[in-house]
Amino acid sequence: MVTNDGSNDRLISNLPLRVFVKLISGPRSIVNPIDAASLREKILSKLAGAHADFLGPSRSSVSTIRDVLRIPPPSLLRILDPCLTHAECERLISRIHRECAVKPHSALELVRRTRAAFGGDDRRTPDADAISSPPGGGVAGKIPTGLPTLDSCLRGGIPVGSIVELVGRAGAGKTHMAQQLAVSAAMAGGGAIYVDAEKKMSLHRLREIALERSTMTSLDTTNREEDRLRHSDDFAQRLLENVTIHSLLTSRELLDALDKLEGEIMLRNSEAREQVGMNNVSSRRLPVRLIVVDSIAAPLRRDFEIGSSPHAAARRAFAIFQIAKILKRLAHDHQLAVVVVNQVGSGGHNYRENVGYLRNRTLDINDGEFTASLGTAWQYCATTRIILEHKDDPHILQGERDGGSIRVAILTKSLVSKRTKIPFELTRQGLREVSPA
Amino acid sequence: MSHISSKPHPEQDSDLVDLNPDELPSSPVSSQPAPKQLYPKNSFSIPLVSLALRPSTLTALLRSGFSSTGDIMSSCWPEIASANEDGNDGGVGFAHDENDGGGIANTRINNEGYERLAKDLGCSLLQAADYALEIDDVLVSFGLPKVSAPAGQNGIAESGSTDEPQTDSDDSVTALNRSIIPATAATILRSTPNVRNLLSGNIHNQTANTRHIVSFSQSIDSLLGGGFALSELTEIVGLPGVGKTQLAMQLCVDSRLPANYGGVEGCSVVIDAEGSWSGAAGGDRLWSMAIAMVDHVKTSAERKIRLKKESMHANINDGGRHVQFPSWLTPESVLEGIHIFRVHDETSQTCTIYNLPKFLFDLERKGTPAKILVIDSMAFHYRVASSTPSSGTVNGKIKSNSLSTTHNLTRMAAFLTELASEFDLAVVAMNHLTTRIEKDDTNNQGRLKLVPALGESWAHSITSRLMIDHHCHFEATSSIAPCIGEMRTCTLVKSPHKPTGTALFTITDKGIRGVPSHALQSQAAKRPKLS
């Protein structure tokens, strides 16, 4: 039901010729010159026909590099007989290592690259603009959430290059926050991709948030009503042009959609670059800066019934890791922020008892009554976690302000901040922070 | 794959007669005993089945009756067998220098030998030469004399790749070259600088040879006996969000500490498998930690200078040298010394790790040696691989998949240990916790238990293991609550040097720090329940 492990892996047939050049030594190569291409063909065909019983019953041939690297050296010698001697086998393996190794970057380079990708000045020290950001956004590498305290804790907003998880009970405001982030991304000059697995995305609401928020910011620049309206209308239009929505239901569809995302991102980014080159007026096409997956829990819980078979948990964990792998790579390669929405399950008490004292405070919702779904596997994949809950504290005045009640956003897992609680409410303009009463 | 020469230079002892190949301590993996034969003096003979030969070569040789290298030698070069009676070192006149750029073209001397071999085997001359050279390669890689040039020509253990006519210089770097010299424990201990200082009563004199990387939390450092040790493989395991990456970031920043301040002045290499270091959040965190570290060093330098001045010591110049603030220590230079490899899948991770020796060599050559290698995290890609469901039956067919994973992990652990000792760096690997169902005796329903991932075999290969967890307590509303909220426990569960124990530390915006003493006192009063 879910894609198998080998489909994303590199094929040996894609190895360049230089790995095979001068691999063979001795009299064989001198008198009977074996050129690299024919040697490669021989090796590939031998590997393809290899009976690799250590790869598992479902795999019958060695076609990806990962499989080759898994073969113990004596077996490799046996499989490739008589193409290569032992020493030549080792040389081949070390050349494959060299070929597939990644290039390093220093931490300074990475920081500068993030800022450069956002068009910022990369010579400024990163902490110069780490404090609270203006509502329009503009901190390099961050997408503001619209809650000033949360943004200052996060040094500007949701960071690019890693996965942020939004988790909470039903109705806590996760989809609202996701939509607000899409608007913030547009204000910061970036487009968004919305993967909607719950059919909860409301274009109407998105447009409303966009209109409201752009009106808010343009209050500074102009006082004329018509100008403001026109400006915000223009902005809302641009936003909607730069948000693509993928609707799906099953986990299979989710994986397929994620596989195709890279092509879409590159296409949109190149279009945006072309437009900027042509005229310096604000272009209609914005590069992609945000991916929202709303939600990851719905398709996985739908397709994997935990408890139905002993391996359901393993299969679900496998699917989770596949998804996380793709998302992380997209986030890193294209410098975008990835926000994933998760649901909760009510396994709080049992979970705690069974695992003894090892409680994970970053997952407790409503003081441990609930816990985030998708298990231990998913917890490792998110770099930042924000829990959204209703604030049930009776001491806080729960007024009906603009149709919303007081909620709390808790930043529980973050590299740059400690655990922080930010109360907020849902208004027409989206999420708005309230000061604790 | 490393070339480990598992035995010393072969002894050319004239007392060795009647050499039974079974009793040779040096032959690798001997599976079947070879028939006992009287070999000429001054020569070794290895059974062919114990060499790493191609199966076709082996069958061809065995079929023609050759079962050991001695057979080949005596068939090709019977003069040697007879010449050795005078106790002469054989091989006269058969100096076959591979580096001559020759193959067949240069071996007119050896043609006779190969012709005889070809006749015995019933194959062509080229084929025979090929076989002989293959055997030579394998023998040389184990430090044994060649069949084509026995005794005295090439005794030193060399890696096989340096033998080929056109040496690819890059290949030879990846083979770690070493010979094992036996040493007594006393000599090793004497050569360790720290112990030397201790023995001579010179504890405060920390010149260049610190053997630990500090973590800025004294309790962790004393738990580990000074910090994270160089030349060792340490593992950090814990639930997500507990602070493993933070601790590793602190270590990378601290590895840049100057020697005067208890540091090792080295670079760091990070294998980033989860993306925490390469994103915007990671960059921010490293930056703030670097700034805090530089500030810390600056203030301590200023304080030392002030103290020296106040004490009005005579040789104030001498004091100045020790407390001089190194001008190269800036946050930018700290971040520049952290080399991050972002690996997206298991293949990249494996290949990058095995390709590290070259990178580390380059760093050493440039004068900025790496002192810490962080793998964050080891478990992520392996869990992707090992949780692969097989499309076959449900009946635990995952076994064959995990066997190869275990094998790979063991090999990688051995490689990392080698790297650690070869390049004298601290290797820190992060691990995940995974749920395992423990079968209870009383009831069928197993209890869920959180255990470190990656299996038993990996657990044996690491030197020390640290488990990090949130500090179990209730939310206090007093003024010390802000720091308690971020307290963590760090438990040493496996170590060859120190007893197991637990340390407390906090995570502040400056990085990893110790717990303030007033918080510790109040905690002691409340007696928190730790495992």
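Let's start on the inside of this predicted model. Its largest nonpolar core gathers 54 residues, and the two that touch the most other members are Phe228(B) and Trp277(B). Where do most of the contributions come from? Helix 11 of chain B, which spans residues 280-311, gives the largest share of this core, with 9 residues. There is also a second core, separate from that one, made of 42 residues; Leu154(A), Val243(A), Leu290(A) and Ile422(A) are among them.

Now look for the sheet. Strands of a sheet pair through backbone hydrogen bonds, in either a parallel or an antiparallel sense. Here 10 strands line up as an open sheet with mixed pairing, in the order 1(A)-5(B)-4(B)-6(B)-7(B)-3(B)-10(B)-11(B)-12(B)-13(B). At the edges sit strand 1 (105-106) of chain A and strand 13 (511-514) of chain B, each paired on one side only.

Step inside the sheet and you'll meet strand 4 (residues 267-272) of chain B, which runs parallel to strand 6 (residues 370-376) of chain B, with 6 bridges between them. Along this pair, Val269(B) faces Leu373(B) of strand 6 of chain B. Packed on the sheet is helix 14 (residues 346-354) of chain B, in touch with strands 4, 5 (338-342) and 6 of chain B. The direction of helix 14 of chain B makes about 155 degrees with that of strand 4 of chain B.

Finally, zoom out to chain A, which has 15 helices and 15 strands. Of its 437 residues, 58% are buried. Take the contacts in chain A between residues at least 6 apart in sequence: 68% of them join residues at least 24 apart. As for the outside, chain A exposes about 18200 Å², with 51% of that supplied by carbon and sulfur atoms.

Methods:
Residues are numbered from 1 along each chain as its sequence is written. Chains are lettered from A and ligands numbered from 1 in the order in which they are written. This is a predicted model: local features need pLDDT of at least 70, side-chain atom pairs count only at pLDDT 80 or more; totals for chains, interfaces and linings use all residues. Side-chain values use heavy atoms; hydrogens and water are left out. Helices (H or I, at least four residues) and strands (E, at least two) are DSSP runs, numbered from the N terminus. Buried means under 20% relative accessible area, exposed over 50%, partly exposed in between (1.4 Å probe, protein chains only). Contact means heavy atoms within 4.5 Å. Accessible areas come from the Shrake-Rupley method with a 1.4 Å probe; for residues, only the protein chains shown count as cover. A nonpolar core is a set of buried Ala, Val, Leu, Ile, Met, Phe, Trp, Tyr and Cys residues joined through side-chain atoms within 4.5 Å. Two strands pair if DSSP finds at least two bridges between them. Axes are lines fitted to C-alpha atoms, for helices over the stretch in contact, and angles run from 0 to 180 degrees between N-to-C directions.
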